[in-house]
Amino acid sequence: MSFDQYQTAFNQVITEMYEGNTYLLNLTFPTQIQTDASLLDIFHATQAKFKLYFQDQFVCFSPERFVQIQNNTIKTFPMKGTINALLPNAEQQILNDDKEMAEHVMVVDLLRNDLSMVASDVRVQRFRYIDKIQAGQRPLLQVSSEISGQLPHNWQHRLGDMLYTLLPAGSISGTPKCNTLNIINQVENYQRGFFTGIFGYFDGQNLDSAVMIRFIEKQQDGSLVYKSGGGITIDSDAASEYQELLDKVYLPLAR
């Protein structure tokens, strides 16, 4: 999409923020892409913490875990803040950026509250640590936190209800969640579909799951779109956020 189109949607979000209707909103859009590779080719050629290929409809290669449950402990790992790792003092830049700090604090608070609806003794175990990921030929630094809570011993029998309570993921919606979802539906004006949902693996005792980002989808006419976006706060800059949306259109190719 053009910058002018993006800025129109961005300005709508900022207006909603000035009116107090949302404080953090994950704004996403589809970008048309072209490749001779099939979705299955892309799935096999890429590497990520979590990958999914589904019936020649979409493929995603996500760096972001949603929730992990082991030994009755549930953990979530919100990821907010991205920077080119090749920039001078990139880690210090991203960690000292006031806008990025505010965005991360809000999503951590949102996810802490979400976990409190299904777990007890919820606490932030690690705050704003750095992960390095490969975005095509360029390395990126991403800022994450770790939040944990304790589940009752019979949580396996109510897993569906727990996930329903936690969804949609706070990192790809915003806060307050209900208002923000309504605003997203108004300003994005396209169907996210499975994009920003979750997928995972449950063996009857333990669960691991991921947020469906870094996402390529086949349209009905056979064309491909890459859906991406980023978190908006009242201090966000439209040009920077637009560039982040484009920077997240990449293939993490295996080396």
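In this predicted model, six strands assemble into an open sheet, arranged in the order β2-β3-β12-β13-β1-β9 with antiparallel pairing. The edge positions are taken by β2 (50-54) and β9 (174-175); each has a single partner strand, so one side of each is left without a neighbour in the sheet. At the β2 edge, the partner is strand β3 (residues 58-62), and the two strands pair in the antiparallel sense over five bridges. One residue pair can be picked out here: Lys51 has Phe61 of β3 as its bridge partner.

Turning to the helix that meets this sheet, α7 lies across β1 and β13, and runs at about 140° to β13. Within α7 (residues 238-247), the buried residues are Ala238, Glu241, Tyr242, Glu244 and Leu245. Viewed down the axis of α7, these buried residues fall within an arc of 155°, so they line one face of the helix. A helix has a simple geometry behind such spacing: with 3.6 residues a turn in an α-helix, residues three or four places apart point the same way. The packing partners of the buried α7 residues include both strands that the helix lies across, β1 (24-33) and β13 (224-232). Also in contact with these buried residues are α1 (3-18), β6 (79-84) and α4 (98-116).

Helix α4 offers a residue worth a closer look, Glu100. Glu100 has a relative accessibility of 10%, and because buried means under 20%, Glu100 counts as buried. Leaving aside residues up to four places away in sequence, Glu100 touches Gly81, Ile94 and Arg128.

Technical notes:
Residues numbered from 1 in each chain as written. Predicted model: local features only at pLDDT ≥ 70, side-chain atom pairs only at ≥ 80, totals over all residues. Heavy atoms only, no water. Buried < 20%, exposed > 50% of the residue type's maximum accessible area, 1.4 Å probe, protein only. Helix = DSSP H or I, 4+ residues; strand = E, 2+ residues; numbered from the N terminus. Arc of directions from axis to C-beta. Contact = heavy atoms within 4.5 Å. Pairing = 2+ DSSP bridges. Axes fitted to C-alpha atoms, helices over the stretch in contact; angles between N-to-C directions.
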